[in-house]
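Q: Can you go through this model with me? I'd like to start with the pockets and then get to the fold.

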Amino acid sequence: MSDLNSLLENAQTAFGQVSSPAELENAKAQFLGKTGKLTELMKGMAALSVDEKKTRGAAINVIKQQVEAALNARRQAMAEGDLQTQLKAEALDVSLPGRSRDIGGLHPISLAWERIELIFSSMGFDVADGPEIEEDWFSFTALNNPPNHPARSMQDTFYVDMQGEDGLALNLRPHTSPMQIRYAQAHVKKYAGHAAMPEIRVIAPGRTYRVDSDATHSPMFHQIEGLWLGENVSFKDLKVTFLNFCKAFFETDDLTLRFRPSYFPFTEPSAEIDIAFNTGPLAGRWLEVAGSGQVHPKVVRNMGLDHETVIGFAFGSGIDRLAMLRYGVNDLRQFFDGNVRFLGQFR
Ligand code: DAH
């Protein structure tokens, strides 16, 4: 029976050498297929006697079963191997921390901006918005700051290589003050033909630009303009309005406000507004928070209003500065660095 044993050995070797299921099927055909070696052996029994057939047939069957067993074992081993490779390839490290998705938050400047709008709205102020690329007339001339006047260097800005309707270069607005003119003109137009015109009470927050860059100045910064014009609006109203705003914005009643004489072309008289906290880390230091003044009669006329009957005040304040004071930030540039670890603190 050694031919049978060597056949079994050959089959085991052949099955062991294959490296894919298709090769295994080929090897199987060589032994168990219609023309396979075992089938040939069966056919070869035809010439044997009945007794010989019995013993030979039984022996062939035993070998056939062993060949089939070897085949199945190899099949299983290959499937197992495939699974292991797949598992390795698709390995998932469940001990890795997941990727969390942070909930975004508003930028501290936006938070301050929204807060300012909310407070002034509650005091009856409208909120207005206007262009950042501005005409010379709105940024300067209408605000009593004519071409070649030295006061123009107070708001040294960027110019755009394009002309406005007046033939002068357009500028990136250096302050929100042009909004005084734009808003008042629109107001006058809106109420033209009406028996009476309501007071003008507005704030205009927005982006502004200047050739300036250090720890407390950025070439792009934010301002809020305020304007209140009526028949009898005085410095007293300015003081009460601004003091109430500061108390609400900084969430403390424990602060003092003072006017310090100053100069702006568009106001007369003009004053810087300083505040001092009576308690807390900044206690006792005067902090400049706004420029202000009584709107100049020429500016009132440029708005299309009668400077004999209309009087009031304007102010301009830096939103970034207010945010720095509120949040205790000492370098303005941090607001614009885009560092999420810094910005994430203000949610
Ligand atoms: N526009 C001024 C600036 O940016 C600030 C300012 C001062 C605005 C006085 C005003 C004002 O409305 O009345 O330097």
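Q: What volume does the largest pocket have?
A: The model is predicted, and in it the largest pocket comes to about 780 Å³.

Q: How many residues line the largest pocket, and which lie nearest its centre?
A: The lining has 35 residues. Nearest the centre are Arg-210, Phe-221, Gln-223, Glu-288 and Gly-318.

Q: Which elements supply at least two residues of that lining?
A: Four strands and one helix are on that list: β6 (220-230), β8 (267-277), β9 (287-295), β10 (311-318) and α10 (319-327).

Q: And which gives the most?
A: β9, with six residues in the lining of the largest pocket.

Q: How does that lining split by class?
A: There are 16 polar residues, eleven nonpolar and eight charged in the lining of the largest pocket.

Q: OK, next one. What is the volume of the second largest pocket, and which residues line it?
A: The second largest pocket holds about 220 Å³ of space. Its lining includes Met-197, Pro-198, Glu-199 and Ile-200, then Leu-229, Gly-230 and Glu-231. Gly-304, Leu-305, Asp-306, Thr-309 and Val-310 also line the second largest pocket.

Q: Classes there?
A: Six nonpolar, three polar and three charged residues make up the lining of the second largest pocket.

Q: Switching to the fold. What is the strand order in the sheet?
A: The sheet is open, with seven strands in the order β1-β5-β6-β10-β9-β8-β7 and mixed pairing. β1 (126-127) and β7 (255-264) are at the edges; each has a single partner strand, so one side of each has no neighbour in the sheet.

Q: In what sense do β1 and β5 pair?
A: β1 pairs with β5 (residues 200-209) in the parallel sense, over two bridges. Val-127 is opposite Ile-203 of β5.

Q: Which strands do helices α7 and α8 touch or lie across?
A: Helix α7 (residues 178-190) lies across β1, β5, β6, β9 and β10, and runs at about 140° to β5. Helix α8 (residues 235-250) packs on the sheet and touches β6, β7, β8, β9 and β10. The direction of α8 makes about 130° with that of β7.

Q: One more residue: where is Asp-51 found, and is Asp-51 buried or exposed?
A: Asp-51 is in helix α4 (residues 50-89). Asp-51 counts as exposed because its relative accessibility is 57%, and the cut-off for exposed is over 50%.

Q: How far apart are Asp-51 and Ile-275?
A: They are 122 Å apart in space, C-alpha to C-alpha, and 224 residues apart in sequence.

Notes. Residues are numbered from 1 along each chain as its sequence is written. This is a predicted model: local features need pLDDT of at least 70, side-chain atom pairs count only at pLDDT 80 or more; totals for chains, interfaces and linings use all residues. Side-chain values use heavy atoms; hydrogens and water are left out. On a 1 Å grid over the protein atoms alone, a cavity is a set of points where a 1.4 Å probe fits but cannot get out, and a pocket is an open set with protein on both sides within 12 Å along at least five of seven lines; lining residues have an atom within 4 Å of a point. Grid points are joined across faces, edges and corners, and a volume is the space filled by probe spheres set on the points. Ala, Val, Leu, Ile, Met, Phe, Trp, Tyr, Cys and Pro count as nonpolar, Asp, Glu, Lys and Arg as charged, and the others, Gly among them, as polar. Buried means under 20% relative accessible area, exposed over 50%, partly exposed in between (1.4 Å probe, protein chains only). Two strands pair if DSSP finds at least two bridges between them. Contact means heavy atoms within 4.5 Å. Axes are lines fitted to C-alpha atoms, for helices over the stretch in contact, and angles run from 0 to 180 degrees between N-to-C directions.
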